[in-house]
Amino acid sequence: MPGVRRIQPRRSPFTRPFVIVLSAALLVSALLHATPVARAAKLPTPASLQPAGRVNFDPARGTIEALMLFVDFSTLPHGVQTTEATAENLLGGNRFNQFIHQQSGGKLDIRVAISSGWRRMPQPIEAYKTSFEGAFINNSALLRYIKDVQNLYPDVDLGYYPIVYVVMPNSEIYRRSQTANYGDLKAWIDSRRSGDSLGDMRNIVIMGGSAQSQHRPYMSLAHETMHVFGLPDLYKNRPGKAFEIIWDLMGDPYRANGFIGWHHYVLGWLPATRIAVPASATKTEYLLTPIHSGAGTSLLLIPMGKAGKYLAVEIAEPVKPHELIEGTSPWGGGVLAYTVSLLNSHARWQIDLYPPPGTHQSAAQGLQGNVLADAQFTLPHQVGAIIREPISHTSIEIKSRVGSAYRIEVERQ
Ligand SMILES: [Zn+2]
């Protein structure tokens with residue numbers, strides 16, 4: 001393909017010692033189980049949770065070929081910024097590939113081909129009607145942007161790539177990144193019965209300035225990429241709640257190291273055999289293993305009252321408290337409880353910490369400044385804690401820690 005140079009991702013193997021430790025932990029788990037585990041009986045299947053309107057929705061598995069191309073504007077020229085350095089920065093060398101490969105347990109690989117050199121968009125950036133920090137003001141402006149990108153690359157078969165990353169020069173003003181899906185836009189185009197067409201492009205990810213200037217650009221790239229596979233943002237758009245779900249990349253691109261168990265399940269990365277659904281009128285002990293361990297029971301889902309709401313319990317792995325504080329050690333490990341509420345909307349589900357922040361031990365102790373401002377969440381539950389959830393008549397006691405796993409007892413009335 002003219003003008004396109006492929007880069008080959010190197011694979012990163014899982015760390016062997018961790019798997020061995022886990023095998024031992026699993027043996028302990030098998031011995032500890034007093035009653036049989038009721039497996040995912042009435043859970044919605046991952047397929048049923050995929051976005052309805054997405055005609056070209058891609059399952060998060062296999063090897064996906066993506067393309068990264070670079071556009072600038074008369075009013076936002078690239079200056080001395082090279083496309084090679086920009087790609088290297090966004091991909092973190094091989095880190096983006098490693099992250100996706102590891103998180104998916106080897107089920108998904110994304111290979112990003114780089115189109116060298118900037119191409120100049122026909123309009124100044126202001127003409128694409130962007131608003132706050134460079135977000136498109138509406139679908140009409142976004143569609144115009146996409147069409148102009150398509151016209152800039154007549155020599156590249158953009159429809160071949162399930163994901164096309166369009167990168168603009170790093171800018172303090174145009175900071176926002178944005179992901180648009182063919183299905184969503186097609187539905188919008190159809191709804192107004194216009195003569196517009198998207199061609200055969202499927203997903204376009206527009207990378208703004210903040211992704212390029214943060215400490216882990218590849219994590220911002222991964223955040224946007226996972227929108228392609230149907231994950232919604234977990235930001236809390238209310239004061240002081242911006243980064244409540246810091247353990248998930250869709251909730252906090254600055255600190256999270258991966259995804260919560262619910263997202264692993266929805267993506268098809270966590271098999272049903274690693275999910276337990278404790279039945280009512282049972283008392284069961286589990287050895288809860290970390291999601292990323294690749295083995296064992298890693299997610300409990302307990303139906304709460306009416307259909308479409310669950311109490312989820314899993315291990316939260318420590319995160320770095322704040323990117324800007326040198327020398328801070330990872331914290332925030334423990335047992336994470338949250339509710340999943342399925343929604344009949346574009347967002348599709350809402351995740352809330354359980355119990356809500358502020359109702360048990362505060363994470364804010366010992367934190368200052370920016371960290372304190374961001375720490376409007378609570379620590380995960382520690383050994384000795386008992387989580388009670390009245391709607392599902394559930395009581396969960398965190399009994400002990402076994403390496404990276406936790407022994408917990410779940411009693412349901
Ligand atoms: Zn997002």
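**View 1. The hairpin of E13 and E14, with His 393 in its connection.** His 393 takes a positive phi near 55° in the hairpin that strands E13 and E14 form, with four residues between the strands; strands here are DSSP runs of E with at least two residues, helices are runs of H or I with at least four, and both are numbered from the N terminus. This is a predicted model, in which local features need pLDDT of at least 70 and side-chain atom pairs count only at pLDDT 80 or more, whereas totals for chains, interfaces and linings use all residues. Residues are numbered from 1 along each chain as its sequence is written. Strand E13 (residues 386–389) and strand E14 (residues 394–402) run antiparallel and are joined by four bridges, two strands being counted as paired if DSSP finds at least two bridges between them. Within this pairing, Arg 388 stands opposite Ser 395 of E14.

**View 2. The hairpin of E14 and E15, with Gly 403 in its connection.** Here two residues lie between the strands, and Gly 403 takes a positive phi near 65°. Strand E15 (residues 405–412) pairs with E14 in the antiparallel sense over eight bridges. Among the bridge partners, Ile 398 is matched with Ile 408 of E15, and Ile 396 is matched with Val 410 of E15. In a regular strand the side chains alternate between the two faces of the sheet.

**View 3. The open sheet of four strands, in the order E8-E15-E14-E13.** The pairing in this sheet is antiparallel, and its edge strands, each pairing on one side only, are E8 (282–288) and E13. Direction ignored, neighbouring strands are turned by 20° against each other on average, the axes being lines fitted to C-alpha atoms and the angles running from 0 to 180 degrees between N-to-C directions.

**View 4. Helix H7 (residues 217–228) and its surroundings.** The 12 residues of H7 reach 18 Å from the first C-alpha to the last, close to the 16 Å expected at 1.5 Å a residue, where the expected span is 1.5 Å times one less than the number of residues. Because 11 of its 12 residues are buried, H7 is largely enclosed by the rest of the structure; a residue is buried if 20 or more other C-beta atoms, placed from the backbone, lie within 10 Å of its own, exposed if 12 or fewer do, and partly exposed in between. The buried residues include Tyr 218, Met 219, His 223, Glu 224 and Val 228. Gly 230, whose phi is positive, near 100°, follows H7.

**View 5. Helix H3 (residues 95–103) and what covers its buried residues.** Phe 96, Asn 97, Phe 99, Ile 100, His 101 and Gln 103 are buried in H3, and their cover includes helix H2 (83–91), strand E3 (108–120) and H7. Just after H3, Gly 105 takes a positive phi of about 60°.

**View 6. Confidence across the protein.** The pLDDT, the predictor's confidence in each residue from 0 to 100, averages 81, and 78% of the residues score at least 70. Confidence is highest in E15, at a mean of 98, and lowest in helix H9 (residues 369–374), at 41. Residues 1–22 have pLDDT below 50, and this stretch has 35 contacts in the model beyond near neighbours in sequence, a contact meaning that two C-beta atoms, placed from the backbone, lie within 7 Å. Where pLDDT is low, the predicted coordinates should not be read in detail.
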